[in-house]
Amino acid sequence: MSDTTALLKKKRTMDKNFPVFNQLESKEHEQVVLCSDPGSGLRAIIAIHDTTIGPALGGLRMWPYQNESEALTDVLRLSRGMTYKAALSGLNLGGGKAVIIGDPHKDKSEALFRAFGRYIDGLGGRYITAKDVGINVQDMEWVHAETKYVTGIPKILGGSGDPSPVTGYGVFMGMKACARKVYGSDSLEGKRVAIQGAGQVASFLADYLSQEGAKLFISDIYEEKAKKVAGRTKAEVVDPDEIYSLDADIFSPCALGGVINDETIDQFRVDIIAGGANNVLDDEEKHGQMLLDRGIIYAPDYVINAGGLINVAGELEGYDSERAHNKASKIYDTILDILNYSEENQTPTFTSSNILAEERIKQIGRIDSIYSSSSRFSKRKGEVFLRNRG
Ligand SMILES: NC(=O)c1ccc[n+]([C@@H]2O[C@H](COP(=O)([O-])OP(=O)(O)OC[C@H]3O[C@@H](n4cnc5c(N)ncnc54)[C@H](O)[C@@H]3O)[C@@H](O)[C@H]2O)c1
């Protein structure tokens, strides 16, 4: 056996014994922190995917994961998604996420969230948290009692409050960009838009669309929620099962993930799919390619729904609602760039957005090699220099 073969074999054997490191290395995660505080029952994982262009920001999720492998896989997947989202939103942030293993209806306490806040604080700003599934404002206030590295806190505590208005606005702008690509004009007047879900994001989106003169259809598993939005936007309330096959121009998923799947994909008669929900494609590669083959324009979820991230990121510089809306309006240009790239390269839009995000990380990461002692975002070398002098 040659030396090289022996080395490779040894490496493979070692890899088999290091499943967690393998998982980290396969998608280039920087750091994973396991947090345990038996006193409060805290079991949490913080994952930092990439900090090339700034500190990792991403929400905290509480979920009754069945085992630690499930929790680790989820936090690794979500944190990587945040890297791409921040990069394409033009933010100077990296990607991170945290999960607390537990039932959000039964296992919450002040001590648990304050203990978690201490672990975040210990990271010294490498990870900044925010609210995600299973977490409410009270929980965030407890985390905030122990660390300043928190966003998405109530306005009264200096935060930005509910991000949904900015998310809804960003989805509206992204939808207009899709219309420009497909119809040659970004006006949505007279366009038939089918909105799935009548929650926070859908509600703000519906207002913008109705002001523009779009014809709306809306569904929610709670009919009264759909009726409430319909009352002020003249939308037609439809049955949740009917929403996929409506004779409409645009489908806007604003409820759940995974709604573009093997069962639904052949039902669509729309030109555009553009909505606020996360993880809309059940299988990104397969269903992204199927939409491309069917000539349906798909606005990648993490790009079009980035208004929420843009909103909380604003807290890091001193929150201003107008500035957050201005930044979210740039989702229009980003979506257009992605659609143009996809057309030129015949790639699904999801793939195109990943490529463009990686390109920005590479470009901005590269300028860090240029010495600067004062640049806000590339002063690392300068900092080292000053520390050595001090
Ligand atoms: N709120 C934000 O700022 C934000 C930011 C980024 C992404 N998102 C994503 O957008 C989506 C909506 O978020 P939200 O804050 O509006 O949540 P929400 O809970 O206020 O609204 C979701 C609505 O969908 C309805 N629903 C659930 N299943 C349905 C179904 N099968 N058919 C029709 N309606 C159904 C619910 O009853 C609810 O009214 C989520 O996927 C969320 O992750 C939200």
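Let's start with Gln267. In this predicted model, Gln267 is partly exposed, because 14 other C-beta atoms lie within 10 Å. For reference, 20 or more would make a residue buried, and 12 or fewer would make a residue exposed.

Where is Gln267? Its place is the loop between strand S9, residues 250-253, and strand S10, residues 272-273. What does Gln267 touch, leaving aside residues up to four places away in sequence? Tyr244 and Ser245. Now take Lys286. Gln267 and Lys286 are 19 residues apart in sequence. In space, C-alpha to C-alpha, the two are 16 Å apart.

Next, the ligand. There are 24 residues around the ligand. Which come nearest? Thr167, Gly197, Gly199, Ala255 and Gly308. Two elements each give two or more residues to this shell: helix H6, residues 164-183, and helix H7, residues 200-212. Of the elements, H7 gives the most, with three residues.

What is the shell made of, by class? We have 11 nonpolar residues and 11 polar ones. Two charged residues complete the shell around the ligand.

Last stop, helix H2. That is residues 19-26, eight residues in total. How many of the eight are buried? Zero. Helix H2 is hardly covered. Now step just past the end of H2, to Glu28. Glu28 takes a positive phi, about 60°.

To recap. Gln267 sits in the S9 to S10 loop, partly exposed. H7 gives the most residues to the ligand shell. And H2 has zero buried residues, with the positive phi of Glu28 just after the helix.

Methods:
Residues are numbered from 1 along each chain as its sequence is written. This is a predicted model: local features need pLDDT of at least 70, side-chain atom pairs count only at pLDDT 80 or more; totals for chains, interfaces and linings use all residues. Helices (H or I, at least four residues) and strands (E, at least two) are DSSP runs, numbered from the N terminus. Two residues are in contact if their C-beta atoms, placed from the backbone, lie within 7 Å. A residue is near a molecule or strand if its C-beta atom, placed from the backbone, lies within 6 Å of it. Ala, Val, Leu, Ile, Met, Phe, Trp, Tyr, Cys and Pro count as nonpolar, Asp, Glu, Lys and Arg as charged, and the others, Gly among them, as polar.
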